[in-house]
Amino acid sequence: MSKLARIAVILSALAVATGGLACSDTTTPREVSKPGINQPSFTVAVGFTPTVLARGNLGTYHIQSKAGEYDAELKSHDNTDIVVVKNVVTPGGHSGWHYHPGPVLVTVASGTITFYMGDDPTCSPQVHPAGTTFFENGGMVGIARNEGTVDATVVATFFVPAGSPTRIDADAPGNCAF
């Protein structure tokens with residue numbers, strides 16, 4: 001290789017190295033420069049298997065139903081999807097901390113589900129055995145756990161904005177020790 005070619009190769013290598021250094025991030029990462037701010041502490045669901053049974057769009061609605069003495073009313077001003085999901089939770093399994101963009105009606109078909117709400121400073125368990133129903137308000141952070149010894153099965157009916165996910169992961173709130 002000629003002397004001129006060697007110089008060209010060396011200069012090219014030097015230009016690449018200099019460019020790489022010029023583009024490297026030499027600033028202090030935010031996590032280091034701002035004490036007390038940590039990465040999100042999302043929890044991943046464990047032993048929690050959802051199966052979507054159906055999803056459909058109801059649009060906006062105002063349903064008033066009266067049959068004999070029974071009187072019910074459901075209303076939404078926004079375009080709404082209804083999603084029905086069967087969740088099977090193994091013993092020791094949980095949903096991970098999460099919230100929903102709309103209300104959810106949950107019916108426990110078998111086993112027992114224990115639900116904890118992120119805004120409860122005492123992290124008190126709400127125990128729901130088979131044959132019971134509970135609801136989660138949209139935006140409410142919580143975690144569903146199977147603290148029993150057999151699989152728990154729940155059927156959840158979600159009322160969510162059209163096209164939205166039914167669940168959004170959330171940080172562990174810090175008030176529960178698990």
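Start by selecting R145, which sits in strand β8, residues 142-145. The model is a predicted one. Show the side chains of R145 and E147: a polar contact of 3.0 Å joins them. Then display the residues around R145. Beyond its neighbours within four places in sequence, R145 is in contact with G93, H94, T112, I113, T114, Y116 and F178.

**The β1-β2 hairpin and β9**

Next, select residues 46-67, strand β1, and residues 70-94, strand β2; the two run antiparallel and are joined by 18 bridges. To see one rung of this ladder, pick I63 in β1, whose bridge partner in β2 is L74. Move to the turn. Two residues lie between β1 and β2 in this hairpin, and G68 in the turn has a positive phi of about 65 degrees.

Now add residues 152-161, strand β9. Ten bridges join β9 to β2, and this pair is antiparallel. For a rung here, select T80, which has P161 in β9 as its bridge partner.

**The loop at P101**

P161 turns up again around P101, so to speak, among the contacts listed below. Select P101 in the loop between β3 (98-99) and β4 (104-110). Is P101 buried, partly exposed or exposed? P101 is partly exposed, because its relative accessible area is 31%, and buried would require under 20% while exposed would require over 50%. Setting aside neighbours within four places in sequence, P101 is in contact with G138, V160, P161, S164, P165, T166 and I168. Add N137 and draw the C-alpha to C-alpha distance from P101: the two are 8.5 Å apart in space and 36 residues apart in sequence.

**The nonpolar cores**

Select V106, I113, F134 and F158. Of the 16 residues in the largest nonpolar core, these four touch the most other members. The elements giving two or more residues to this core are β2, β4, β5 (112-117) and β9. β9 supplies the largest share, five residues. In soluble globular proteins, nonpolar side chains tend to be buried together.

Keep V106 on display and add its surroundings. Leaving out neighbours within four places in sequence, V106 is in contact with T132, T133, F134, E136, V154, V155 and A156. A second core, separate from the largest one, has five residues, including W97, Y116, C123 and I143.

**Strand β7**

Return to F134 and select the whole of β7, residues 133-136. β7 runs antiparallel to β4, with four bridges between them, and V106 stands opposite F134. Which side chains of β7 point to which face? F134 and E136 point to one face and are buried, whereas T133 and F135 point to the other and are not buried. In a regular strand, side chains alternate between the two faces of the sheet.

**The disulfide**

Finish with C123, already met in the second core, and add C176. The two form a disulfide, with their sulfur atoms 1.7 Å apart. The count of disulfides comes to one. The link is right-handed, with 105 degrees about the S-S bond. C123 lies in the loop between β5 and β6 (126-129), and C176 in the segment after β10 (168-169), so the pair links distant parts of the chain, 53 residues apart. Are these cysteines buried or exposed? C123 is buried because its relative accessible area is 10%, and C176 is buried because its value is 11%; the cut-off for buried is under 20%.

Definitions and conventions: Residues are numbered from 1 along each chain as its sequence is written. This is a predicted model: local features need pLDDT of at least 70, side-chain atom pairs count only at pLDDT 80 or more; totals for chains, interfaces and linings use all residues. Side-chain values use heavy atoms; hydrogens and water are left out. A polar contact is a pair of N or O atoms within 3.5 Å; within protein, one must be able to donate a hydrogen and the other to accept it, and residues adjacent in sequence count only if both atoms are side-chain atoms. Contact means heavy atoms within 4.5 Å. Two strands pair if DSSP finds at least two bridges between them. Buried means under 20% relative accessible area, exposed over 50%, partly exposed in between (1.4 Å probe, protein chains only). A nonpolar core is a set of buried Ala, Val, Leu, Ile, Met, Phe, Trp, Tyr and Cys residues joined through side-chain atoms within 4.5 Å. A disulfide is a pair of cysteine sulfur atoms within 2.5 Å.
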